[in-house]
Amino acid sequence: MFAIPLAEDAQLKPLEVWHAEEFLAHVDRGREYIGQYIGFADRAADLDGARSLLRSFAEKAAADQGRLYGIWLDGTLVGGVLYRTFDTTTGTCEIGCWLEPAGAGRGLVSKACRTLIDWAFLGRGMHRVEWVCAADNTPSSAVARRLGMTREGVLREAHLHRGFRHDLEVWSVLAREWPPAGVPAEAPVARPRPEPLPRPEPSA
């Protein structure tokens with residue numbers, strides 16, 4: 001398995017079906033914090049739910065339609081990032097993130113998302129990377145802004161979550177705009193196309 005360093009004590013790695021128990025423990029620690037906006041908290045209500053969620057992304061990865069990566073801090077899973085959708089026909093993908101409180105405030109999500117955007121554009125030749133979040137999810141909007149994305153608009157009451165209809169903000173960055181001038185210096189820069197990230201195999 002590959003691991004990409006995000007900091008001296010943090011790594012980005014594939015999150016797979018065999019991580020189900022660890023994933024459930026992580027969700028349990030941050031269930032209410034994560035579940036404010038992220039459906040993972042409700043889908044992974046128990047071990048079977050956690051395993052089913054991870055299996056769904058293993059199947060997406062096998063179909064080249066999405067991927068899931070975890071963020072480990074001092075060896076403990078504290079969050080992750082994902083390609084929620086990945087459409088090579090249109091050249092568009094959507095990335096997203098989640099964290100338990102122990103992983104917040106360290107810039108790990110921004111660094112991990114730069115890795116995903118870099119690979120989408122330079123490794124796979126994608127044209128557009130999207131970011132969609134609840135309009136009142138200020139930390140998520142802040143990540144999109146730090147990544148140099150453009151806020152394109154608001155989809156009013158477009159997402160029903162836990163009985164409440166959230167407005168959704170849509171952000172994006174295009175291949176020709178990457179890396180944006182506003183992205184900090186540690187962000188990836190244009191370079192020869194890298195080898196594709198290894199693709200996790202579906203687990204039983």
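This report describes strand β5, its partner strands and the nonpolar cores of a predicted model.

Strand β5 covers residues 92-99, and eight of its eight residues are buried. In a regular strand, side chains alternate between the two faces of the sheet. Both faces of β5 are covered: T92, E94, G96 and W98 lie buried on one side, and C93, I95, C97 and L99 lie buried on the other.

β5 pairs with two strands, as the table shows.

| Partner of β5 | Residues | Direction | Bridges | One bridge pair |
|---|---|---|---|---|
| β4 | 76-87 | antiparallel | eight | G79 with L99 |
| β6 | 128-134 | parallel | four | E94 with E130 |

The hairpin of β4 and β5 has four residues between its strands, and G91 there takes a positive phi near 75°. From β5 the chain reaches β6 by way of helix α5 (residues 108-123), in a right-handed β-α-β crossover.

In soluble globular proteins, nonpolar side chains tend to be buried together. The largest nonpolar core in this model has 35 residues, and W131 and M149 touch the most other members. Among the elements that each supply at least two residues of this core are β4, β5, α5, β6 and α6 (138-146). Helix α5 gives the most, with nine residues.

Leaving aside neighbours within four places in sequence, W131 is in contact with I95, G96 and C97, and its other contacts include C113, V143, M149 and W171. A second, separate core has 20 residues, including V27, A44, L54 and F57.

Terms used. Residues are numbered from 1 along each chain as its sequence is written. This is a predicted model: local features need pLDDT of at least 70, side-chain atom pairs count only at pLDDT 80 or more; totals for chains, interfaces and linings use all residues. Side-chain values use heavy atoms; hydrogens and water are left out. Buried means under 20% relative accessible area, exposed over 50%, partly exposed in between (1.4 Å probe, protein chains only). Two strands pair if DSSP finds at least two bridges between them. A crossover is right-handed if, with the strands pointing away from the viewer, the path from the first strand over the helix to the second runs clockwise. A nonpolar core is a set of buried Ala, Val, Leu, Ile, Met, Phe, Trp, Tyr and Cys residues joined through side-chain atoms within 4.5 Å. Contact means heavy atoms within 4.5 Å.
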